[in-house]
Number of protein chains: 2
Amino acid sequence: MRTIDERQYAALSEVARLVAAGRAGTRSALASATGMSRATVSQRVDTLIGAGLLLDGEPAAAVRGRPPLTLRLNPLTGVVCAVDLGATHCRMRLTDLGGAPLAESATSIDIAHGPVPVLTSVDTLLGELLLQVGRRPSEVRAISLGVPGPVDFATGTPVRPPIMPGWDGYPVPAFFVDRYDAPVLVDNDVNLMALGEYAHRSGAHHLLYVKVGTGIGCGIVSDGELHRGAAGAAGDIGHVRVPSHEDVPCHCGNTGCLEAVASGAALVAALRSKGCDVRTTHDVVRLVGEGNPSARRQVRLAGQRLGEVLATAVSFHNPDLIVLGGSLAELHEDLLAEIRGVVYRRALPLATRSLAIETSLLAGRAGVEGASRLALRHLLSPAGLPRLLRQPKPGEK
Amino acid sequence: MRTIDERQYAALSEVARLVAAGRAGTRSALASATGMSRATVSQRVDTLIGAGLLLDGEPAAAVRGRPPLTLRLNPLTGVVCAVDLGATHCRMRLTDLGGAPLAESATSIDIAHGPVPVLTSVDTLLGELLLQVGRRPSEVRAISLGVPGPVDFATGTPVRPPIMPGWDGYPVPAFFVDRYDAPVLVDNDVNLMALGEYAHRSGAHHLLYVKVGTGIGCGIVSDGELHRGAAGAAGDIGHVRVPSHEDVPCHCGNTGCLEAVASGAALVAALRSKGCDVRTTHDVVRLVGEGNPSARRQVRLAGQRLGEVLATAVSFHNPDLIVLGGSLAELHEDLLAEIRGVVYRRALPLATRSLAIETSLLAGRAGVEGASRLALRHLLSPAGLPRLLRQPKPGEK
């Protein structure tokens, strides 16, 4: 096989991504979409077919003459493993390179046990799912993981994650290097939730995904791209100061943080101090569901405080969509009403003119959805494609 | 002349931008940088030379054989007009298509007189500058203007600008359409200041430009691109609520806004209430320069309030550089010290680890610098190039 010149990968990537996105299914559609000549497109397509990445599929309807063949990703080319790690859960989804789900499963973990035990659980679950769908470990083309803390995305290393003891500076990709010949991408879980939700919101360009659970975090998508910031810390709104609550101490050592007054943990503490029998965020959700007045009152107060901080985020970032996720988002009748009230009253009219504030469509699956999107984007990118095309074709050893 | 196929503009744009940025000065460097074949590069370069946009310049040093010619933008191809409109000033710079300044001037205006009188002043100043450099109005290839209010960038229309009576919904480009055969780009002034400052800060990827003058605004650059948000309102931090000052009324109708407690106007009001003889932000700057203790105290308080809001912006956006501009930025000894103190104490350690907070390098010229960059980017973009290449070549009528 001819060696692919490095400089051709950008063009190959463009072709592969257009086919994967369903935006161009024939050679002539690719020529129109890319501005490449028919001959160049055919060369690129042949390279991708030769490498086993694309297939000439069913003939497309054509007006006359020989019908053009529709191109599609070869579902046998490989498997992508998307993982969402929370404080206590691991959800995993296997997809093909087109993003179609092959299998999904979840298991309990304790993130505080540290990287080796947790990643060993991930590896075991991956082995089980591969067996279940009858694919080999050598067919895994990418692994992407969301973790509940800040991550240096370039190296896949958690950085001072508050609820992940033992993970600070641990290079997650290294754990998998002997097990799978695949790139390993690691990102903050809420970033991936934002990416997953964005993929299902065709009208939105600038999206904030706000996760309200035991803690509070935010993922930012701008013009379709994750905004991670200079150190991967963007969206960390849990320790922003909330007006009128400057004296409440927070576990971070500061006072008046949003997490100290509006998180699930804060709600649990507030309700316990009033004699309610609650220990987890789920208990709070249950109490509200039962119509407990104290619980509803506390949730509405939390909504106001979230609204104050989100109003600032709206004035600053001017999103067109805020998506509320996390376990407290189930309380949308109370929580969402308060958030909307404060944001629409406090943020500038121009910034809220076309703003929608809604609950997540994907709920607990936003994380794996985003992880899967991230991996697929990477694989078909100019940076990811060379490795993908060097790997054995389907059917080869 | 052969018609240029629409689909070739992307490639022409890539070549023109590489030459303009000084990143590729020869055909072979362009071939390496773009991945195009030598033949394709030569075609593209010949098209751009034929259209008068590029010149084969001085021979570059070469190891042996015929020295390759270095390509450069043709300085005679046209003139770009960059304008920075403030509440009371109009600064204008003419550059060639490479961004080299040809002339610069400033005049006083009153933005509140409305669009027609103000834009007539702009037009008069442009005529004078063109005469001064001996170029014709037909040589103007782009006009870009920053205005002190929110703008719908796609249409060049101010949207509910608080200090620009008469400008709401006025289509600024239409004013120039009969006078110049050139695209007219309109953006918020602080956005352009952010872009101008970014161009002079090679190490920064995520920059916030915070203008503190009579009002307070912020321009956001993410990975080199302006973040304007869904409605062009991004960065509007003047009406964000400041902790501990919830009861101070603001001219916007809300209370506790940053502008109500930390702007030049707020400082003037606070000092007047203490019997100081101040009427403008410049008077405040003067008083502080004279060592007036009340004035220094008020400026330090303003710095703390700015710091509170910027700490939130840092936690949310995670920039690597905050640039302080505007007339109060001259008071950097007092103001900057307080801002830094609050931001480094309040924002998360990860978000401030590589954060610098500095004063503007460009001061009053950040706006025209950004306007000029915006126009040049547009002209050489796939969207801007077709119009540029349809225009008469240098020397033609």
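**Sheet, helix and salt-bridge arrangement in the predicted model**

In chain B, helix α6 (residues 189–199) lies across strands β3 (79–85), β6 and β9, and runs at about 95 degrees to β9(B). A second helix of chain B, α13 (residues 366–379), also packs on the sheet, where it touches β3, β4 (89–95), β5, β6 and β9 of chain B. The direction of α13(B) makes about 140 degrees with that of β3(B). The model is a predicted one.

The sheet of chain B is open and is formed by five strands in the order β5-β4-β3-β6-β9, with mixed pairing. Strands β5 (101–108) and β9 (184–188) of chain B stand at the edges; each has a single partner strand, so one side of each is left without a neighbour in the sheet. From one strand to the next, the twist averages 15 degrees. The pairing of β9(B) with strand β6 (residues 140–147) of chain B is parallel and extends over five bridges. Within this pairing, Ile143(B) has Val184(B) in β9(B) as its bridge partner.

In chain A, strand β3 (residues 79–85) pairs with β4(A) in the antiparallel sense over six bridges, and Ala82(A) stands opposite Arg93(A) in β4(A). The connection from β3(A) to β4(A) is a hairpin of three residues. Strand β4(A) also pairs with strand β5 (residues 101–108) of chain A, again in the antiparallel sense, over seven bridges. In that pairing, Leu94(A) is bridged to Ala103(A) in β5(A). The hairpin of β4(A) and β5(A) has five residues between the strands, and Gly99(A) in this hairpin takes a positive phi near 90 degrees. Strand β4 (residues 89–95) of chain A is largely enclosed by the rest of the structure, because six of its seven residues are buried.

The largest nonpolar core comprises 103 residues, and those with the most contacts inside it are Ile237(A) and Ile237(B). Apart from residues up to four places away in sequence, Ile237(A) touches Val210(A), Ile216(A), Gly217(A), Cys218(A), Leu258(A), Val309(A) and Leu310(A), together with Phe316(B) from the other chain.

Helix packing was also examined in chain B. The axes of helix α8 (residues 264–273) and helix α9 (residues 281–289) of chain B come within 8 Å and cross at roughly 65 degrees. The crossing of α8(B) past α9(B) is left-handed. On the α8(B) side, the residues involved are Gly264(B), Leu267(B), Val268(B) and Leu271(B), which meet Thr281(B), Val284(B) and Leu287(B) in α9(B).

Over all chains, a search of the whole structure finds 42 salt bridges. One of them joins the side chains of Glu338(A) and Arg300(A), at an N to O distance of 2.7 Å. Glu338(A) lies in helix α11 (residues 332–346) of chain A and Arg300(A) in helix α10 (residues 293–317) of chain A, so this pair ties together parts that are 38 residues apart in sequence. Glu338(A) is buried, with a relative accessible area of 15%, whereas Arg300(A) is partly exposed at 28% relative accessibility.

In chain B, Glu338(B) forms a salt bridge with Arg300(B), with the closest N and O atoms 2.7 Å apart. This pair links distant parts of the chain, 38 residues apart, with Glu338(B) in helix α11 (residues 332–346) of chain B and Arg300(B) in helix α10 (residues 293–317) of chain B. Glu338(B) is buried, with a relative accessible area of 16%, and Arg300(B) is partly exposed, with a relative accessible area of 28%. In chain A, salt bridges that share partners join Arg91(A), Arg93(A), Glu104(A), Arg365(A), Glu369(A) and Arg373(A) into one network.

Within this network, Arg373(A) forms a salt bridge with Glu369(A), and the closest N and O atoms are 3.0 Å apart. Both Arg373(A) and Glu369(A) lie in helix α13 (residues 366–379) of chain A, where four residues, about one turn of the helix, separate them. Arg373(A) is partly exposed, with a relative accessible area of 35%, while Glu369(A) is buried at 10% relative accessibility.

Key: Residues numbered from 1 in each chain as written. Chains lettered and ligands numbered in written order. Predicted model: local features only at pLDDT ≥ 70, side-chain atom pairs only at ≥ 80, totals over all residues. Heavy atoms only, no water. Core = buried A, V, L, I, M, F, W, Y, C linked by side-chain atoms within 4.5 Å. Buried < 20%, exposed > 50% of the residue type's maximum accessible area, 1.4 Å probe, protein only. Contact = heavy atoms within 4.5 Å. Pairing = 2+ DSSP bridges. Helix = DSSP H or I, 4+ residues; strand = E, 2+ residues; numbered from the N terminus. Axes fitted to C-alpha atoms, helices over the stretch in contact; angles between N-to-C directions. Salt bridge = Lys/Arg side-chain N within 4 Å of Asp/Glu carboxyl O. Left-handed = near helix turned anticlockwise from the far one by under 90°.
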